[in-house]
Amino acid sequence: MKKIGFLSFGHWSPSPQSQARSARDALLQSIDLAVAAEELGADGAYYRVHHFARQLASPFPLLAAVGAKTSRVEIGTAVIDMRYENPLYMAEDAGAADLISDGRLQLGVSRGSPEQVIDGWRYFGYVPQEGQSDADMGRHHAEVLLNVLKGEGFAEPNPRPMFPNPPGLLRLEPHSEGLRERIWWGSASNATAVWAAQQGMNLQSSTLKEDETGEPFHVQQAKQIRRYREAWEEAGHARRPRVSVSRSIFALVDDRDRAYFGRGNDNDQIGIIDNMRAIFGRSYAAEPDKLVEELKADEAIAEADTLLLTVPNQLGVDYNAHVIEVILKHVAPALGWR
């Protein structure tokens, strides 16, 4: 059994071929797709965050709106780039969104990927400390976020406040109990997966990973997940962690599917990203019975408890709901995920 959700980058383009031609379109359709996915029986609605781009950028208004419009699906990010974040302000926004959704927030964070502009986090007012990299800064912001989400008081109260204070040091409000255990780290390497386990974060592993062994992507990713779980056990955490992987998976059942994705399956690709040799996972596109056999061989999907289906959001809500529905009805049951 697996939790199955969708992951949208929220692209928008004024092109006549796009169903999402403005930021407003992308935001409202993101909400509508979450509602449709819940009605279809999916388990999650997740969104990617990119700055300086025609994509979803400010997650918390969207997450709160989805939380207000739905009642069951998990609502998450994959991922928020922590180099751009004020972790205290973020804790307040996340607490509010989690309370609105009645504890359904699954917040994926990370050091982030290359953005549209050079050192974009500098425009947001963040600069690494002397001797640190931007990746160090992102991990530090994450550590501060994790600490304040514990809900412990740390701020000295004003002796003459405008409103009465509870006794002792003050914490950030609103505080949402349990959110600390629903923070995920998006990891592109074995080392950061181990670090995430040590910090007590769940693991998000996407379709990009540092090419550390030269093996096929899904094999390297499965090894990363196993190493993460070993590190979790070594750290002595009481709860069981969660692990997600994301994949582009399209079951070809009608002429639209074949027109969009029937050109044959991709293979893993190798590239350089941030001076790192990276391996990019393949997409899957085939008739349902063939798709089932191909997915059985994906070791990383087998290791994960959550699968995020990356959706082509510019094709519109109706088509993306169709993509999700076909996977849930014709593929997931045959693989024992449902």
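The legends below describe close-up views of a predicted model.

**View 1. The region that UniProt annotates as a domain.** An unreviewed UniProt entry places the feature "domain: Luciferase-like" at residues 9-257. Over residues 9-257 of the predicted model, the chain is 36% helix and 15% strand, and the C-alpha atoms at the two ends are 20 Å apart.

**View 2. The largest nonpolar core and the surroundings of Leu107.** The largest nonpolar core holds 73 residues, of which Phe6, Tyr47, Leu107, Leu291 and Leu295 touch the most other members. Helix H10, which spans residues 317-331, supplies the largest share of this core, with 7 residues. When residues up to four places away in sequence are not counted, Leu107 touches Phe60, Leu63, Thr77, Ile80, Met90, Ala94, Arg182, Ile183 and Trp184.

**View 3. Strand S13 and its parallel partners.** Strand S13 runs over residues 306-310, and 5 of its 5 residues are buried. Thr306, Leu308 and Thr310 point one way from S13, whereas Leu307 and Leu309 point the other way, and all are buried. Strand S1 (residues 3-8) pairs with S13 in the parallel sense over 5 bridges, and within this view Lys3 has Thr306 of S13 as its bridge partner. Strand S8 (residues 243-247) also pairs with S13 in the parallel sense, over 4 bridges, and Ser246 stands opposite Leu308 of S13.

**View 4. An open antiparallel sheet with a helix packed on it.** Three strands form an open sheet in the order S7-S11-S10, with antiparallel pairing. S7 and strand S10 (269-273) are the edge strands, each pairing on one side only, and the twist from one strand to the next averages 35 degrees. S10 and strand S11 (residues 276-280) pair in the antiparallel sense over 5 bridges, with Gln269 standing opposite Phe280 in S11. Helix H6 (residues 217-235) packs on the sheet, where the helix touches S7 and S11, and its direction makes about 70 degrees with that of S7.

**View 5. Lys209, a lysine within strand S7.** Lys209 is found in strand S7, which covers residues 208-210. Lys209 counts as buried because its relative accessible area is 1%, and the cut-off for that term is under 20%. The side chain of Lys209 makes a polar contact with the side chain of Asn190, at 3.4 Å. Leaving aside residues up to four places away in sequence, Lys209 touches Ala188, Asn190, Phe217, Gln220, Gln221, Gln224, Arg277, Ala278 and Ile279.

Conventions:
Residues numbered from 1 in each chain as written. Predicted model: local features only at pLDDT ≥ 70, side-chain atom pairs only at ≥ 80, totals over all residues. Heavy atoms only, no water. Core = buried A, V, L, I, M, F, W, Y, C linked by side-chain atoms within 4.5 Å. Buried < 20%, exposed > 50% of the residue type's maximum accessible area, 1.4 Å probe, protein only. Contact = heavy atoms within 4.5 Å. Polar contact = N/O pair within 3.5 Å; in protein donor to acceptor, adjacent residues only side chain to side chain. Pairing = 2+ DSSP bridges. Axes fitted to C-alpha atoms, helices over the stretch in contact; angles between N-to-C directions. UniProt positions renumbered as here; feature names shortened; annotations may be inferred.
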